[in-house]
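Here is a short report for a reader new to this structure. Take a look at the sequence and the model first.

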There are 2 protein chains.
Amino acid sequence: MGKTRSAPTLNDVAKAAGVSTATVSRCLNSPEQVIEQTRRRVMQAVESLGYTPNFAARVMAANRSFTIGAIIPTMDNAIFARGLQEFQDQLRESGYTLLVSSSAYDPEVEREQIRTLVARGADGLLLIGHERDADIYEYLERHQVPSLVAWSYDPDAKRPSVGFSNKDAMGELARTVIAAGHRRIAMISGKTKGNDRAQNRVEGVRQAMSQSNLDADALTLIETTYEIDKGAEAFRQLMALTPRPTVVMCGNDVLAAGALCEARRLGIKVPEQVSVTGFDDIELAEIVSPALTTVHVPHREMGRKAARELTAMVEGKSEGHSICINTRLVSRHSLAEPDCHTSQ
Amino acid sequence: MGKTRSAPTLNDVAKAAGVSTATVSRCLNSPEQVIEQTRRRVMQAVESLGYTPNFAARVMAANRSFTIGAIIPTMDNAIFARGLQEFQDQLRESGYTLLVSSSAYDPEVEREQIRTLVARGADGLLLIGHERDADIYEYLERHQVPSLVAWSYDPDAKRPSVGFSNKDAMGELARTVIAAGHRRIAMISGKTKGNDRAQNRVEGVRQAMSQSNLDADALTLIETTYEIDKGAEAFRQLMALTPRPTVVMCGNDVLAAGALCEARRLGIKVPEQVSVTGFDDIELAEIVSPALTTVHVPHREMGRKAARELTAMVEGKSEGHSICINTRLVSRHSLAEPDCHTSQ
DNA sequence: ACTCTATTTGTAAGCGCTTACATCAATAAT
DNA sequence: ATTATTGATGTAAGCGCTTACAAATAGAGT
């Protein structure tokens with residue numbers, strides 16, 4: 001019976017409503033330009049045909065996609081989830097759609113995904129951390145795609161960022177640790193290569209040590225990927241050391257959770273025998289026992305502000321300002337004074 | 001100084017290489033059709049210009065996007081993360097890109113996102129659970145976009161699915177609970193409205209009770225959203241009951257983690273005074289203490305198989321087969337026999 | 001030498017939409 | 001009544017790519 005019914009186009013709607021495609025397009029994009037009566041007729045045709053605009057065609061014609069891309073290092077844990085959720089919600093309110101990919105902490109994958117997102121017509125990009133090859137930034141410039149860095153704050157960087165100072169935040173925690181009396185400090189960090197956040201966190205600990213007249217080089221440091229069992233493994237290694245560190249500062253809550261698990265397995269009491277700290281204050285931090293002393297990062301606030309700034313940039317209302325978010329220490333039960341018997 | 005340097009197009013590449021746009025296109029899409037020498041010249045032009053194909057144009061011309069869309073209920077926790085990660089990895093291997101949105105468990109948002117993804121030219125869609133309005137499926141059919149349901153398995157459904165029987169899986173756990181001697185069973189379920197997985201899990205518990213000659217209506221049931229503190233709140237309510245349930249079966253590990261937290265706050269010992277069970281076996285389950293007795297869902301396997309099946313459907317190599325994944329009980333420490341003093 | 005086939009490349013017609021510009025009608029200003 | 005102004009709609013030119021088809025070239029078969 002004639003041709004297969006397939007997805008209706010603008011043209012079909014125009015015919016059904018007895019107007020030109022231009023009018024239909026206007027009804028959809030700037031309704032105020034169309035007189036009420038016509039608009040109703042058109043909208044009705046849209047409804048009854050079940051018309052959905054073809055996005056690719058729209059992007060191509062308008063050179064605008066109302067899409068924002070975000071590339072995060074991983075979806076595997078909750079570190080980025082909460083901030084991103086808020087980012088998305090905020091974008092949606094402004095009429096943008098969020099496209100997310102994850103790079104698995106691999107710069108090459110990230111580069112490819114940036115190209116993909118740009119090729120897809122993303123109006124703007126959210127990236128995590130500053131550190132990446134210069135040619136990527138050039139590429140973005142050439143394609144005139146504004147980008148915003150999040151989860152990091154660096155007023156000196158050429159690129160705008162909304163985030164916090166990883167160094168200061170971790171430094172504050174480290175000072176608290178030192179003030180509690182710890183001298184033998186160990187750290188389980190995420191891989192620092194290509195990850196300025198991880199670098200700055202280590203830096204923060206080192207600086208705090210120096211400021212307290214401790215030898216920053218004496219920091220026992222293990223670098224590993226951000227996985228629970230890697231945290232556990234690193235913790236085991238640290239506990240095998242003599243003398244044992246009295247505190248293990250972890251690069252994030254995930255690693256700290258792994259450390260805590262391993263402590264339980266090893267029969268080492270936290271915080272009586274060793275203290276453990278985290279970073280991020282994701283839900284996990286409160287769930288583990290003992291609950292983690294950690295740095296609270298206001299992820300939602302960051303997501304919201306990033307969305308606002310990035311849309312402003314996309315719409316040409318801002319050339320990109322950096323925004324600093326305040327973190328705050330949250331003391332729970334995984335940090336205590338070192339045990340006198342082992343600490344001296 | 002001439003016009004601003006902007007993103008190069010196929011045409012620019014063609015000129016630079018001294019060939020037609022068709023040849024360039026072929027170099028990119030079916031290199032075997034182009035003779036070595038020409039290809040090298042073209043590829044060099046591509047390189048030196050830093051050309052990236054415009055995706056929208058390509059989609060429009062080819063009516064094919066090599067993009068798969070997935071709409072998951074939430075990114076807020078790890079329930080879907082792992083399976084999705086594998087899904088994405090597998091897709092990438094086959095040359096597809098994954099686009100993810102989250103619907104916040106809201107059917108209206110989901111509907112909108114399905115339209116968005118289809119409008120964006122997704123070649124196929126991954127959806128979670130079977131239950132949604134018929135018109136959505138019609139819409140997908142009209143646009144000829146194959147869809148696959150995951151995290152659920154129903155051989156009777158008209159739509160193909162790859163997943164597991166939520167009912168049987170939870171039923172098995174419930175039988176174990178009952179076999180351990182529990183009679184006063186409570187359950188904290190996710191909202192069952194529009195969520196067949198939640199429904200089936202409740203159903204599984206009820207069926208197991210009936211089979212053991214317990215009154216299925218006696219199941220104390222609290223429905224709540226899948227958030228840690230909601231789990232905690234529900235648990236508190238349950239503990240206020242007299243007589244107290246001896247076991248609290250949770251709709252997933254997130255709720256169970258909340259329950260465990262609250263138990264600690266209330267000074268109720270798990271599993272000595274109350275047992276708690278989870279579902280999914282996400283990382284969380286092993287981290288909390290006591291570690292959760294739960295149902296292990298092979299998320300990666302599911303993600304992988306879903307990717308394979310969906311790409312086959314997209315490429316017309318399959319009309320959509322349902323695939324059943326096996327779950328398995330994992331006994332850890334949150335389930336024990338009920339305390340004699342309180343259980344009878 | 002001549003046709004036939006296979007291989008490589010070019011030509012050009014869209015894909016479905018937006019938007020600058022043209023057109024037309026209706027109202028206001030003279 | 002005539003012209004200017006405003007507002008609503010139509011016309012048609014692309015946006016950057018793919019691909020059916022045509023053309024050109026080269027080798028094989030006779």
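The report goes through the chain pair, the DNA, the helix packing and a few unusual backbone spots.

## Two copies and their axis

This is a predicted model. Two copies of a chain are related by a rotation about an axis and a shift along it. Here, a turn of 180° and a shift of 0.0 Å along the axis lay chain A on chain B, with an RMSD of 0.1 Å. The two copies are thus related as by a two-fold rotation axis. In chain A, A:Ala56 has the C-alpha nearest that axis, at 2.2 Å. The same surface serves both copies, as 98% of the contact residues of chain A recur in chain B.

## Where the chains meet

In this pairing, 40 residues of chain A contact 40 residues of chain B. Several elements of chain A give two or more residues each to its side: α4, α5, β2 (97-102), α6 (107-119), α7 (134-142), α11 (253-266) and α12 (284-287). The largest share, 5 residues, comes from α4(A). By class, the side of chain A that touches chain B holds 21 nonpolar, 10 polar and 9 charged residues.

## Around the DNA strands

Start with DNA strand C. It is surrounded by 27 residues. The closest are A:Leu10, A:Ala22, A:Ser25, A:Ala61 and B:Ala22. Both chains take part. Chain A supplies at least two residues from each of α1 (10-17), α2 (21-29) and α4 (55-62), and chain B does so from each of α2 (21-29) and α4 (55-62). The largest share, 6 residues, comes from α2(A). This surface divides into 14 nonpolar, 11 polar and 2 charged residues.

Now turn to DNA strand D. Around it lie 27 residues, of which A:Ala22, B:Leu10, B:Ala22, B:Ser25 and B:Ala61 come nearest. The elements that give two or more residues are α2 and α4 of chain A, together with α1 (10-17), α2 and α4 of chain B. For strand D, α2(B) provides the largest share, 6 residues. The class division near strand D is 14 nonpolar, 11 polar and 2 charged.

## Helices α1 and α3 of chain A

The axes of α1(A) and α3(A) (residues 36-49) come within 9 Å and cross at roughly 125°. The two helices are therefore oblique to each other. Their crossing is right-handed.

Which residues of α1(A) and α3(A) meet? From α1(A) come A:Asp12, A:Val13, A:Ala16 and A:Ala17. They meet A:Arg41, A:Val42, A:Ala45, A:Val46 and A:Leu49 in α3(A). This contact has 7 nonpolar residues, no polar ones and 2 charged ones.

## Helices α5 and α13 in both chains

In chain A, α5 (residues 81-93) packs on α13 (residues 299-314) at an angle of about 40°, with the axes 7 Å apart. That makes α5(A) oblique to α13(A). The crossing is right-handed. Residues of α5(A) in the contact include A:Arg82, A:Leu84, A:Gln85 and A:Phe87. Among their partners in α13(A) are A:His299, A:Met302, A:Arg304 and A:Thr311. The contact has 6 nonpolar, 6 polar and 5 charged residues.

In chain B, the axes of α5 (residues 81-93) and α13 (residues 299-314) come within 7 Å and cross at roughly 40°. These helices, α5(B) and α13(B), are therefore oblique to each other. Their crossing is right-handed. The contact includes B:Arg82, B:Leu84 and B:Phe87 of α5(B), and B:His299, B:Met302 and B:Thr311 of α13(B). By class, there are 6 nonpolar, 5 polar and 5 charged residues.

## Unusual backbone spots

Most residues other than glycine have a negative phi, and most peptide bonds are trans. Some spots here depart from that pattern. A cis peptide bond joins A:Ser289 and A:Pro290, with omega about 0°. A:Pro290 sits in the loop between α12 and β10 (294-296) of chain A. Another cis peptide bond links B:Val270 and B:Pro271, with omega about 10°. B:Pro271 lies in the loop between α11 (253-266) and β9 (275-277) of chain B.

What is phi at A:Asp281? The value is near 55°, positive in a residue other than glycine. A:Asp281 is found in the loop between β9 (275-277) and α12 of chain A.

Notes
Residues are numbered from 1 along each chain as its sequence is written. Chains are lettered from A and ligands numbered from 1 in the order in which they are written. This is a predicted model: local features need pLDDT of at least 70, side-chain atom pairs count only at pLDDT 80 or more; totals for chains, interfaces and linings use all residues. Axes are lines fitted to C-alpha atoms, for helices over the stretch in contact, and angles run from 0 to 180 degrees between N-to-C directions. Helices (H or I, at least four residues) and strands (E, at least two) are DSSP runs, numbered from the N terminus. Angles under 35 degrees count as roughly parallel, over 145 as roughly antiparallel, 65 to 115 as roughly perpendicular and the rest as oblique. A crossing is left-handed if the near helix is turned anticlockwise from the far one by less than a right angle, and right-handed if clockwise. Two residues are in contact if their C-beta atoms, placed from the backbone, lie within 7 Å. Ala, Val, Leu, Ile, Met, Phe, Trp, Tyr, Cys and Pro count as nonpolar, Asp, Glu, Lys and Arg as charged, and the others, Gly among them, as polar. A residue is near a molecule or strand if its C-beta atom, placed from the backbone, lies within 6 Å of it. Copies are superposed by least squares on the C-alpha atoms of residues with pLDDT of at least 70 in both.
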